[in-house]
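Please open the structure in the viewer and keep the sequence panel at hand. The tour below proceeds by selection, and each stop states what is to be found there.

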Amino acid sequence: MDALAGLLEGPRARGAFMIRACFEPPWSLRIEDRAPLTVMLMIRGESWITPDAGEPVLLRAGDLAIARGPDPYTCADDPATPPIAVILPGQKCVYPDGRSMRGHMDLGVRTWGQRLDGSMVMLIGTYPVRGEVSGRLLDALPPVLTLTSDVWECPLTPLLTEEIVRDEPGQEVVLDRLLDLLVIAALRAWFSRPEAAAPTWYRALADPVVGRVLRLVQDDPAHPWTVASLATKAGVSRAALARRFSELVGEPPMTYLTGWRLALAADRLRDTDDTLEAIARQVGYGSAFALSSAFKRVHGISPQEHRTRAGRPAIGVPF
């Protein structure tokens, strides 16, 4: 599992969802849901995306934007239009004065707004929970990134437009997978652009030696990797691998492996009820004690403290 996949790991458990928004000017939505990632795909009309600390961005039909939270932003027909609704954490919708909207703008299956025939239609997908693995990627994104239709044509638009309003068995699973594909395709397109500051490890995936090593440790973190065994798999000497890896990624192979294992452990502590002993085995530590010691050294708190702060009960060894 690489970090692109890790960004989307467990979207059902984390509450990822998609809706269709339909509005007629004047309209404006204040987004304060603190979601770490929201993707907006314009189907019809135009919309301005205005981050609190940044310049407004205009989206036209066929354009896509990704907003990186938790900072708030505004979507509107015009940056000067005052908000008619505020979106809070948990997708709670209120009027600007704080009164609950109580489904006032519900228009049907996964459809929300003022009117179905509105001149603006946007598909919105949101991942409301940030993880340690996904953070490795999200931290490299600007507050709002855009892919306009003249530089990137979304191949999923027709299918998403059709599937978003269907109400059939298994439909949520279909939409989850389509949302995953949409985000992965968009981020790949974004990081291929010269203005994108892709993480060093992401750029290193293109290297025939370092890229192979990165995939090995990401796909099988529980394996007892050493620099020697990784070098053998990559077909180079230990010294050559250590030098090339550090040059391209910015840290030695074993340091990267430790960070990856602990990021996976942090996410599993938050997202699962697995015991600390089970998680230790899953990410490559011989015991719960060994994982706990490494976790405390890097994160400054114990695994169980991390789990408790995430709102999950303490399970297993109380380290």
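**First stop: serine 28**

Select serine 28, which has a relative accessible area of 0% and is therefore buried. The model in the viewer is a predicted one. Serine 28 belongs to strand β2, which covers residues 28-31. Now display the residues in contact with serine 28, leaving aside its neighbours within four places in sequence: Thr74, Cys75, Ala76, Thr81, Pro82, Pro83, Ile84 and Ala85. For a sense of scale, add glycine 170 to the selection. The two C-alpha atoms, of serine 28 and glycine 170, are 33 Å apart in space, and the residues are 142 apart in sequence.

**Second stop: the whole chain**

Zoom out to the full protein chain, in which 13 helices and 13 strands can be coloured. Its radius of gyration is 22 Å, close to the 20 Å that the globule rule gives for 319 residues, so the chain is as compact as a globular protein of that length. Along the principal axes, the C-alpha trace spans about 60 × 45 × 40 Å. Colouring by burial will mark 46% of the 319 residues as buried. Of the contacts between residues at least 6 apart in sequence, 71% join residues at least 24 apart.

**Third stop: threonine 50**

Next, select threonine 50 in strand β4, residues 46-51. Is threonine 50 buried or exposed? Its relative accessibility is 18%, and because buried means under 20%, threonine 50 counts as buried. Beyond its neighbours within four places in sequence, threonine 50 is in contact with Pro56, Tyr73, Thr74 and Pro79. Thr74 is thus a residue to keep displayed: it appears in the contacts of threonine 50 and also in those of serine 28.

**Fourth stop: two cis peptide bonds**

Most peptide bonds are trans. Two places to inspect with this in mind follow.

- Select proline 25 and proline 26: a cis peptide bond joins them, with omega about 0°. Proline 26 is in the loop between β1 (17-23) and β2, and β2 is the strand that holds serine 28.
- Select glycine 69 and proline 70: they too are joined by a cis peptide bond, here with omega about 10°. Proline 70 is in the loop between β6 (64-68) and β7 (73-76).

**Fifth stop: two residues with positive phi**

Most residues other than glycine have a negative phi. The next two selections depart from that pattern.

- Select glutamine 91, which is not a glycine yet has a positive phi of about 60°. Glutamine 91 is in the loop between β8 (85-88) and β9 (92-94). With 30% relative accessibility, glutamine 91 counts as partly exposed.
- Select arginine 102, a residue other than glycine whose phi is positive and near 45°. Arginine 102 is found in the loop between β9 and β10 (106-108). Its relative accessibility of 73% places arginine 102 among the exposed residues.

**Sixth stop: helix α7 and its partners**

Select helix α7, residues 210-219. How many of the 10 residues of α7 are buried? The number is 7, and the helix is mostly covered. The buried residues are Val210, Gly211, Val213, Leu214, Leu216, Val217 and Gln218.

Add helix α8, residues 227-234: the axes of α7 and α8 come within 9 Å and cross at roughly 125°. An angle of that value makes α7 oblique to α8. The crossing of α7 past α8 is right-handed. Show side chains where the helices meet: Arg212, Val213, Leu216 and Val217 from α7, and Leu230, Lys233 and Ala234 from α8. These contact residues divide into 5 nonpolar, no polar and 2 charged.

Then replace α8 with helix α10, residues 253-271, whose axis comes within 10 Å of that of α7 and crosses it at roughly 35°. The crossing of α7 past α10 is likewise right-handed. The residues to display are Leu214, Val217 and Gln218 in α7, which meet Tyr256, Leu257 and Trp260 in α10. In this contact, 5 residues are nonpolar, 1 is polar and none is charged.

End on Val217, which meets residues of α8 and takes part in the contact with α10. Val217 is also one of the buried residues of α7.

Notes:
Residues numbered from 1 in each chain as written. Predicted model: local features only at pLDDT ≥ 70, side-chain atom pairs only at ≥ 80, totals over all residues. Heavy atoms only, no water. Axes fitted to C-alpha atoms, helices over the stretch in contact; angles between N-to-C directions. Helix = DSSP H or I, 4+ residues; strand = E, 2+ residues; numbered from the N terminus. Parallel < 35°, antiparallel > 145°, perpendicular 65-115°, else oblique. Left-handed = near helix turned anticlockwise from the far one by under 90°. Contact = heavy atoms within 4.5 Å. Nonpolar A, V, L, I, M, F, W, Y, C, P; charged D, E, K, R; others polar. Rg over C-alpha atoms; globule rule 2.2 N^0.38 Å. Buried < 20%, exposed > 50% of the residue type's maximum accessible area, 1.4 Å probe, protein only.
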